[in-house]
Amino acid sequence: MGEQPPLIDAPEALESLIDADQAQRLEQYIYELPSGDAARAVALLDEPKRVKLLEMLSPEAAAFLVDELSHPQAAELLEDLPPQQAAAIVDELPSDEQADLLGQLDEEDAQAIIAQMAPQEAQDARLLTRYEPDTAGGIMITEYLAFTQDMTTDDVLRQLRAKTDADPDAYANYDIQYAYVTGPGGELRGVVRFRDLILARPQTRLVDIMIREPRLIRADASLDELEEFFDANSFNAAPVVDENGRLVGVVRRSAVEEALGDRSEMELLRFGGIITGQELRTMPTGARAVRRLAFLFPNILLSFISVTIIAFYEPLIESLAALAIFLPLVANLSGAAGNQAVAVSIRELALGLIKPCDWFRVCLKEMGVGLFNGLIVGLILGLIALTMRPDLVGLALVVGGAYACNSVLAVALGGTIPLLLKSLRVDPAIASSPILNTFTDMGSFFITLSLAALTYRNLLA
């Protein structure tokens with residue numbers, strides 16, 4: 001074994017091994033590098049060094065590295081490679097990872113890679129990319145054991161041994177707990193536990209020891225349906241069938257949990273204004289800027305609408321300058337309250353607990369919370385205003401009362417806007433926040449300034 005690289009920062013160590021053209025030590029270092037360090041180290045390499053890194057690694061080691069990265073980051077790496085080299089790496093990945101990774105690429109790039117893959121791997125990849133990524137078909141694996149119902153246990157075991165003798169790694173990517181029994185047309189007939197398969201007499205037919213009418217999942221089942229299925233069943237995996245009942249794959253509980261986590265991350269990014277739900281700082285600056293502008297441009301108009309209210313009350317603000325201190329405070333706190341309601345509605349929509357037609361019930365539920373919290377926070381704001389300007393008791397009443405009123409408005413809007421957008425087939429995670437902030441700003445400015453105008457009429461006389 002060669003000399004180990006010095007214990008320095010992972011990006012520096014990786015770059016030094018690449019510069020020194022030490023492929024063997026580089027490969028060893030990749031296998032020993034924690035996944036979190038691997039992602040950061042690769043992100044800090046410039047494009048030529050990222051390409052050289054993959055060129056120096058064997059397809060197996062490159063696939064190991066790619067599997068340690070997030071799908072967007074891994075897709076960036078593959079985009080820099082010729083299709084043939086990228087295909088050699090993708091060939092080494094499990095089928096569900098292949099589908100996820102190819103789904104991140106442009107259609108043209110993905111098809112170019114699939115065309116260079118091994119025939120069986122390419123066939124599986126084309127099958128998986130037919131399905132939407134957030135369905136059972138999109139996250140299933142095609143590494144499973146299936147045998148026809150007329151086979152005996154002896155037939156099965158001899159077939160498994162023969163394949164292993166020919167290729168010791170033939171089942172390396174298989175999570176073998178069950179064998180699936182199919183009919184003449186590939187339709188799922190039953191499931192055999194591997195324990196029963198091994199312990200049964202040699203001439204026992206699979207049809208005699210299989211579990212009939214097993215619990216299964218349709219290939220077009222959504223992530224929410226998959227989550228519900230695995231919550232109700234203590235399975236580690238379940239068979240996936242197409243519209244004709246043919247077995248096409250197996251979906252694992254761990255894959256569902258990972259997909260739900262990925263969806264939550266994308267929703268969080270969209271909620272923060274990253275419309276595509278994906279962005280890394282290793283992506284081209286121009287592309288990142290354009291994507292962000294797509295979110296910022298509409299906000300220019302929405303923000304302008306809200307500040308026109310301030311312009312209307314400009315004489316009052318000039319006469320009562322202390323108002324300028326509390327206007328943004330009331331607006332920001334109202335927006336925060338509204339965004340809490342948005343988050344709950346988006347979550348309940350994802351879980352299927354509410355539908356757009358439930359807007360009135362959601363609105364009433366939120367208004368109760370908004371009134372309770374609005375009175376408490378409004379009282380605190382009023383005391384703050386009174387402490388800062390004890391000579392302006394009316395200002396304390398204005399600020400406290402304005403927040404209490406606007407809190408009710410903010411949470412009512414925050415709860416119902418996602419439902420309205422959902423009914424219009426607009427992604428609530430993208431559009432809810434800017435729309436809500438516009439209306440809460442308008443509401444807070446209008447209510448605060450209107451109450452102040454009524455309280456200090458003499459200043460406008």
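# Reading a predicted fold, feature by feature

Biologist: E187 forms a salt bridge with R189, and their closest N and O atoms are 2.8 Å apart. How should I read that?

Modeller: First, keep in mind that this is a predicted model. The general idea is that side chains of opposite charge can pair when their charged atoms come close. In your example the partners are E187 and R189. As for cover, R189 is partly exposed, because its relative accessible area is 33%, and that class runs between 20% and 50%.

Biologist: How many salt bridges does a search of the whole structure find?

Modeller: The search finds 13 of them. Another one joins the side chains of R193 and D196, at 2.9 Å from N to O. Here R193 has 36% relative accessibility, so R193 counts as partly exposed.

Biologist: Which salt bridge links distant parts of the chain?

Modeller: Have a look at D21 and K52, whose side chains meet at 2.8 Å, N to O. D21 sits in the loop between α1 (10-19) and α2 (23-32), while K52 belongs to helix α4 (residues 47-56), so the pair spans 31 residues of chain. K52 is partly exposed too, with a relative accessible area of 27%.

Biologist: What links E15, D19 and K49?

Modeller: A network of salt bridges links E15, D19 and K49.

Biologist: Now for charges outside those pairs. Which residues form the negative surface patch?

Modeller: That patch is made of E79, D106, E107, E108 and D109. Helix α9 (residues 107-116) supplies the largest share, with 3 residues. Take E107, which has its place in helix α9. E107 counts as exposed, because its relative accessibility is 56% and the cut-off for exposed is over 50%.

Biologist: And which residues form the nonpolar patch on the surface?

Modeller: I325, F372, I376, I380, I384 and M388 form it, and together they have about 570 Å² of accessible area. The helix that gives the most is α20, with 5 residues. There's a handy rule for reading such a list: an α-helix has 3.6 residues a turn, so residues three or four places apart point the same way. Try that rule on the numbers of the patch members, including I376, I380 and I384.

Biologist: Where is I325 found?

Modeller: I325 is in helix α19, and I325 is partly exposed, with a relative accessible area of 48%.

Biologist: How far does helix α19 reach from its first C-alpha to its last?

Modeller: Helix α19 (residues 323-351) has 29 residues and reaches 43 Å, close to the 42 Å expected at 1.5 Å a residue. Just after α19 comes G352, with a positive phi of about 75 degrees.

Biologist: What should I make of a phi value?

Modeller: Most residues other than glycine have a negative phi. With that in mind, look at two residues here. E213 isn't a glycine, yet its phi is positive, near 50 degrees. R425 isn't a glycine either, and its phi is positive at about 60 degrees.

Biologist: Where do E213 and R425 lie?

Modeller: E213 is in the loop between β4 (211-212) and β5 (217-218), and R425 is in the loop between α21 (393-423) and α22 (428-455). E213 counts as exposed, with 75% relative accessibility, and R425 counts as exposed at 80%.

Biologist: Let's go to the opposite case. Why is helix α8 (residues 95-104) called largely enclosed?

Modeller: Because 8 of its 10 residues are buried, α8 is largely enclosed by the rest of the structure. Among the buried ones are S95, D96, E97 and Q98, as well as L101 and L102. Buried here means under 20% relative accessible area.

Biologist: One more. How far apart are the C-alpha atoms of N373 and V408?

Modeller: They are separated by 8.7 Å, although their positions lie 35 residues apart along the chain. N373 is found in helix α20 (residues 359-388), and N373 counts as partly exposed at 32% relative accessibility. You can read E258 and I139 in a similar way: they are 119 residues apart in sequence and 9.6 Å apart in space, C-alpha to C-alpha. E258 lies in helix α16 (residues 253-271), and E258 counts as partly exposed, with 39% relative accessibility.

Key
Residues numbered from 1 in each chain as written. Predicted model: local features only at pLDDT ≥ 70, side-chain atom pairs only at ≥ 80, totals over all residues. Heavy atoms only, no water. Salt bridge = Lys/Arg side-chain N within 4 Å of Asp/Glu carboxyl O. Helix = DSSP H or I, 4+ residues; strand = E, 2+ residues; numbered from the N terminus. Buried < 20%, exposed > 50% of the residue type's maximum accessible area, 1.4 Å probe, protein only. Patch = residues over 30% accessible without salt bridge, like charges linked within 9 Å, V, L, I, M, F, W, Y side chains within 5 Å. Areas by Shrake-Rupley, 256 points an atom, 1.4 Å probe, with all protein chains shown as cover. Lys, Arg positive; Asp, Glu negative; His and termini not counted. Charge placed at Lys NZ, Arg CZ, Asp CG, Glu CD. Expected span 1.5 Å × (residues − 1).
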